Amino acid sequence: MFIFLDTETTGTENKDRLCQLAYKQNTGEIVNELFKPPLPIEIEAMSIHHITNEMVADRPAFKDSHDYQKLFDLLNDDENILVAHNAKFDVDMLIKEGIHPKKFICTLKLARHLDPNGVIPKYNLQYLRYFLGIKIQATAHDALGDILVLEKLFERLFARMNKDFSSDQVEDKMIEVSNNPVLLSRMLFGKHKGQLFKDIPVDYLQWLSGKNDLDEDMRYTIDHYLNP
């Protein structure tokens with residue numbers, strides 16, 4: 001069973017924790033709850049998801065909620081697969097709460113993997129929603145709204161991969177892609193944004209390789225072009 005999940009958090013640093021969690025099982029059951037995190041929600045985070053400290057002040061901590069054990073059991077079941085966009089972020093948030101998903105699929109990595117020519121300018125969830133013409137009523141940057149978009153994006157990605165693999169193979173291939181770095185075709189930011197990696201000056205890639213805040217796919221791609 002696929003479990004489409006999204007978290008909203010107090011911020012994006014290692015110290016931050018979830019303050020909203022929504023997930024949908026492909027049986028149709030939906031959970032969407034606010035929780036009181038162990039540290040205040042940062043204003044920058046509030047400006048994105050619009051969850052304030054006042055809104056969670058009387059909510060239980062996630063570990064003290066009735067939803068905790070249910071999700072723990074679901075994600076500890078070999079038959080279930082977590083699906084998230086930029087899954088590493090959500091998985092890391094769950095691990096901080098003591099939940100270690102056994103299997104997961106990352107729709108961000110899949111979107112990058114299925115775009116070897118760099119046709120799509122950006123890969124964030126809401127950009128893909130409109131770029132791909134996904135028709136759905138859903139509020140952006142709200143955990144519930146995001147899982148509704150996520151589910152539709154997943155269906156598109158599954159159908160695309162189903163052209164190259166049998167339905168039985170697609171699931172395993174999705175998990176494989178999600179657990180490995182993806183080779184990007186175009187630069188996603190900076191002065192060479194949109195340029196093919198093969199055309200970017202080596203000295204710029206060398207400089208960029210020294211940065212500590214690169215995601216796995218970006219670092220893998222830079223290393224690939226520096227060490228062909």
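This report describes the nonpolar cores, two helices, several single residues and one pocket of the structure shown above. The model is a predicted one.

## Nonpolar cores

In soluble globular proteins, nonpolar side chains tend to be buried together. The largest nonpolar core of this model contains 47 residues. Within this core, the residues with the most contacts are Leu21, Leu71, Ile105 and Met174. Helix H7 supplies eight residues, the largest share of this core. Another core lies apart from it and has ten residues, including Met187, Leu208, Met218 and Ile222.

Ile105 is a useful point of entry to the largest core. This residue is found in strand E5, which spans residues 104-106. With a relative accessibility of 0%, Ile105 counts as buried. When residues up to four places away in sequence are not counted, Ile105 touches Phe2, Ile81, Leu82, Val83, Ala84, Ala87, Leu110, Phe154, Glu171, Met174, Ile175 and Ser178. Met174, one of these contacts, is also listed with Ile105 among the residues that have the most contacts inside the largest core. Ile105 and Asn179 are 74 residues apart in sequence, and their C-alpha atoms are 8.1 Å apart in space.

## Helices H3 and H4

Helix H3 covers residues 66-75, and its buried residues are Asp67, Tyr68, Leu71, Leu74 and Leu75. These residues lie on the same side of H3, because they cover an arc of only 135° around the axis. The elements that cover them include strand E1 (2-9), strand E2 (18-25), strand E3 (30-34), strand E4 (81-84) and helix H4 (87-96). Leu71 is thus a buried residue of H3 and also one of the residues with the most contacts inside the largest core.

Helix H4 can be described in the same terms. Its buried residues are Ala87, Asp90, Val91, Met93 and Leu94. They span an arc of only 155° around the axis, so they are on the same side of H4. The buried residues of H4 pack against E1, E2, H3, E4 and E5. Just after H4, Gly98 has a positive phi of about 90°.

## Single residues

Two residues that are not in the nonpolar class, Asp90 and Gln25, are buried. Asp90 has its place in helix H4. Leaving aside neighbours within four places in sequence, Asp90 is in contact with Leu5, Asp6, Thr7, Ala84 and His85. Asp90 and Arg17 are 73 residues apart along the chain, and a distance of 10.0 Å separates their C-alpha atoms. Gln25 lies in strand E2. Beyond its neighbours within four places in sequence, Gln25 is in contact with Met1, Phe2, Ile3, Lys70 and Leu74. Leu74, in turn, is one of the buried residues of H3.

Asn86 and His141 are of another kind. Asn86 has a positive phi of about 60° although it is not a glycine, and its place is in the loop between E4 and H4. His141 is likewise a residue other than glycine with a positive phi, near 60°. His141 is placed in the loop between helix H6 (125-131) and H7.

The table gives the relative accessible area of these residues together with that of Ile105.

| Residue | Relative accessible area | Class |
|---|---|---|
| Ile105 | 0% | buried |
| Asp90 | 1% | buried |
| Gln25 | 6% | buried |
| Asn86 | 37% | partly exposed |
| His141 | 39% | partly exposed |

## The second largest pocket

Rolling a probe the size of a water molecule over the atoms shows where empty space is left. In this model, the second largest pocket holds about 190 Å³ of space. Its lining consists of Ala111, Leu114, Asp115, Ile120, Leu128, Leu132, Leu153, Arg156, Leu157 and Arg160. By class, seven of the lining residues are nonpolar, none is polar and three are charged. Helix H7, residues 143-161, gives the most to this lining, with four residues. H7 therefore appears in two parts of this account, as it also supplies the largest share of the largest nonpolar core.

Notes. Residues numbered from 1 in each chain as written. Predicted model: local features only at pLDDT ≥ 70, side-chain atom pairs only at ≥ 80, totals over all residues. Heavy atoms only, no water. 1 Å grid on protein atoms, 1.4 Å probe; cavity = no way out; pocket = protein on both sides within 12 Å on 5 of 7 lines; lining within 4 Å. Points joined across faces, edges and corners; volume = space filled by probe spheres on them. Core = buried A, V, L, I, M, F, W, Y, C linked by side-chain atoms within 4.5 Å. Buried < 20%, exposed > 50% of the residue type's maximum accessible area, 1.4 Å probe, protein only. Arc of directions from axis to C-beta. Contact = heavy atoms within 4.5 Å.
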